[in-house]
Amino acid sequence: MSVDEKCCCCKEPTGFVPINRVLDKLDELAAANDNEGMERVLAYWENEARNLGDMKGLLAILSEAVGHYRHEGQEEKGLAAVYEALRLLEEDGTECTSNATIYLNCATTLKAFGRAEEALPYYERAKSVYERLLPADDFKLAGLYNNYAMALADLKRYEEAEQMLKRAIDILERKGGYAELAISYVNLAQIVYEGAAETGADREEETDKLLELAYSYLTNGEHERNAAYAGACMKCASAFDFFGYFAYRADVVKIANEIYEENRSKI
């Protein structure tokens, strides 16, 4: 089947990657935790974008690949996608929120693979655009501050990391982003713990309170049972495990697995 035939039912012009359809399919597979299916879709459409010479489409696919390979811990593939995406961003040169989001995604993957120092300039690129173009209480800013904070913590810049996370929490508390708040409180607990270990301070009570808050936001019954909620549960589960909150870990993993199973049955 030709590219034109494949795309005839969608609104995107033929000769370009039908990126909205591709993203919808990736979301569907992510909701079912079908990582192998996601990788097949990414590889297929990356190849199609290259064959078509669709650089905008390629950049969008690479951004999705950056996040996927980070999630799967595939360093070689993840970094290859990061560096190509960064090259395309530099060639494009447009300062817009969509490009800033790709810079953020690349920075977060660099950090995940032990390159926090290298990631900082890209966090700054994203931060500069977001703070200039987005409302001060936009969810995207909270996500940026969350991820940037963890990179700063990797570099033992704990005080800066705490302040960055508190900015994220302030936004999310006002917006009602419960799953994201849980992640923020878990991240803050980790930073408080690491900073205290570095300085010899006693902040165990504060750490425990932050973990309790994270659990309460995950289990307050206010969530849509979707991939984002399941992902938040899994992100927090590892922290609960690290701090010895094994019952909390079991609860949230159970929630995530139930959501993934429900979504697999719909594919």
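A residue counts as buried when its relative accessible area is under 20%, and as exposed when that area is over 50%, with partly exposed in between. Keep that handy for the exercises below, and remember that the model is predicted.

**Exercise 1. Work out whether Phe 240 and Tyr 248 are buried or exposed.**

Solution.
- Step 1: Look up Phe 240, which has a relative accessible area of 0%.
- Step 2: The cut-off for buried is under 20%, so Phe 240 is buried.
- Step 3: Now take Tyr 248, with a relative accessible area of 18%; that value is also under 20%, so Tyr 248 is buried.

**Exercise 2. Classify the ring pair made by Tyr 215 and Phe 240, then see where the pair leads.**

Solution.
- Step 1: Start with the count, which comes to 12 aromatic pairs in this model.
- Step 2: For Tyr 215 and Phe 240, the ring centres lie 6.2 Å apart, and a pair needs centres within 6.5 Å, so the two rings do pair.
- Step 3: Their planes sit at 75 degrees, and over 60 counts as edge-to-face, so that's the label for this pair.
- Step 4: Place the partners on the chain: Tyr 215 belongs to helix α11 (residues 204–218) and Phe 240 to helix α12 (residues 227–242), so the pair links distant parts of the chain, 25 residues apart.
- Step 5: Phe 240 has another edge-to-face partner in Tyr 248, at 5.7 Å centre to centre with 75 degrees between the planes.
- Step 6: Put it together: ring pairs join Tyr 215, Phe 240, Tyr 245 and Tyr 248 into a cluster.

**Exercise 3. Find which residues touch the most other members of the largest nonpolar core, and follow one of them outward.**

Solution.
- Step 1: The core holds 91 residues, and those touching the most other members are Tyr 123, Leu 144, Ile 191, Leu 218 and Phe 240.
- Step 2: Pick Leu 218. Leaving aside residues up to four places away in sequence, its contacts include Ala 182, His 223, Cys 236, Val 252 and our old friend Phe 240.

**Exercise 4. Describe helix α3, and say how Asn 47 sits in it.**

Solution.
- Step 1: Helix α3 covers residues 35–52, 18 residues in total, and spans 26 Å from first C-alpha to last, close to the 26 Å expected.
- Step 2: Its buried residues include Met 38, Val 41, Leu 42, Trp 45 and Ala 49.
- Step 3: Asn 47 lies in α3 too, but with a relative accessible area of 42% Asn 47 is partly exposed.
- Step 4: Look past the helix end: Gly 53, just after α3, takes a positive phi of about 70 degrees.
- Step 5: Finally, Leu 58 is 11 residues from Asn 47 in sequence and 8.6 Å away in space, C-alpha to C-alpha.

Definitions and conventions
Residues are numbered from 1 along each chain as its sequence is written. This is a predicted model: local features need pLDDT of at least 70, side-chain atom pairs count only at pLDDT 80 or more; totals for chains, interfaces and linings use all residues. Side-chain values use heavy atoms; hydrogens and water are left out. Helices (H or I, at least four residues) and strands (E, at least two) are DSSP runs, numbered from the N terminus. The expected span of a helix is 1.5 Å times one less than its number of residues. Buried means under 20% relative accessible area, exposed over 50%, partly exposed in between (1.4 Å probe, protein chains only). Rings of Phe, Tyr and Trp (its six-membered ring) pair if their centres lie within 6.5 Å; planes under 30 degrees apart count as stacked, over 60 as edge-to-face and the rest as tilted. A nonpolar core is a set of buried Ala, Val, Leu, Ile, Met, Phe, Trp, Tyr and Cys residues joined through side-chain atoms within 4.5 Å. Contact means heavy atoms within 4.5 Å.
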